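Work through the exercises below with the sequence and coordinates open. Each task is followed by a stepwise solution.

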Amino acid sequence: MSIHLTDDIRSVTELKRNTREILEQIHETRRPVVVTVNGKADAVLMDAKSYEQHLGAANLARLLAVGEADAAAGRTRPMRAFLRELKRARKVPR
């Protein structure tokens, strides 16, 4: 995701005056808009679909981090042993 500095940073006053236009921009470009208050970034607006994608990616990254930490700490086992245990636990026929 990229941000165009001239198009994607708007003041809260602009947001109040041009809400519909800014929302249309967000939906058309799928880029977030940074909203400023007194010249400083205060909030980020993005379309719901992009937000859902970001949430999904963040959740996946959290899960991967746990696995990576386990591997780094040596908490691993051979794949064949894992698959055997999984088949037994789930009663998967051979």
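**Exercise 1: the largest pocket**

Task: list the residues that line the largest pocket, and sort them by character.

Solution. The model is a predicted one.
Step 1. The lining of the largest pocket consists of Arg80, Leu83, Arg84, Lys87, Arg88, Val92 and Arg94.
Step 2. Sorted by character, the lining holds five charged residues, two nonpolar and no polar ones.
Step 3. The volume of this pocket comes to about 170 Å³.

**Exercise 2: two helices and what follows them**

Task: compare the spans of α3 and α4 with expectation, then inspect the residue named after each helix.

Solution.
Step 1. Helix α4 runs over residues 79-90, 12 residues in total, and its first and last C-alpha atoms are 16 Å apart, close to the 16 Å expected at 1.5 Å a residue.
Step 2. Helix α3 covers residues 48-72, with 25 residues, and extends 36 Å from first C-alpha to last, close to the expected 36 Å.
Step 3. Lys91, just after α4, has a positive phi of about 55°.
Step 4. Gly74, which follows α3, also has a positive phi, near 85°.

**Exercise 3: the largest nonpolar core**

Task: identify the members of the largest nonpolar core and the elements that each supply at least two of them.

Solution.
Step 1. Five residues make up this core: Leu15, Ile22, Ile26, Val33 and Val35.
Step 2. At least two of these come from α2 (19-29), and at least two from β2 (33-37).
Step 3. For the core member Ile26, set aside neighbours within four places in sequence; the contacts left are Arg31, Val33, Leu45, Met46 and Asp47.
Step 4. As background, nonpolar side chains in soluble globular proteins tend to be buried together.

**Exercise 4: Thr36 and Ser2**

Task: is Thr36 buried or exposed, and which residues does Ser2 touch beyond four places in sequence?

Solution.
Step 1. Thr36 belongs to strand β2.
Step 2. Thr36 counts as buried because its relative accessible area is 13%, and the cut-off is under 20%.
Step 3. Leaving out residues up to four places away in sequence, Thr36 touches Ile9, Arg10, Ser11, Val12, Ala41 and Asp42.
Step 4. Ser2 sits in the segment before β1 (9-11).
Step 5. With 42% relative accessibility, Ser2 is classed as partly exposed.
Step 6. With the same exclusion of residues up to four places away, Ser2 touches Asp8, Arg31 and Pro32.
Step 7. Ser2 and Arg30 are separated by 28 residues in sequence, and their C-alpha atoms by 9.6 Å in space.

Technical notes:
Residues numbered from 1 in each chain as written. Predicted model: local features only at pLDDT ≥ 70, side-chain atom pairs only at ≥ 80, totals over all residues. Heavy atoms only, no water. Core = buried A, V, L, I, M, F, W, Y, C linked by side-chain atoms within 4.5 Å. Buried < 20%, exposed > 50% of the residue type's maximum accessible area, 1.4 Å probe, protein only. Helix = DSSP H or I, 4+ residues; strand = E, 2+ residues; numbered from the N terminus. Contact = heavy atoms within 4.5 Å. 1 Å grid on protein atoms, 1.4 Å probe; cavity = no way out; pocket = protein on both sides within 12 Å on 5 of 7 lines; lining within 4 Å. Points joined across faces, edges and corners; volume = space filled by probe spheres on them. Nonpolar A, V, L, I, M, F, W, Y, C, P; charged D, E, K, R; others polar. Expected span 1.5 Å × (residues − 1).
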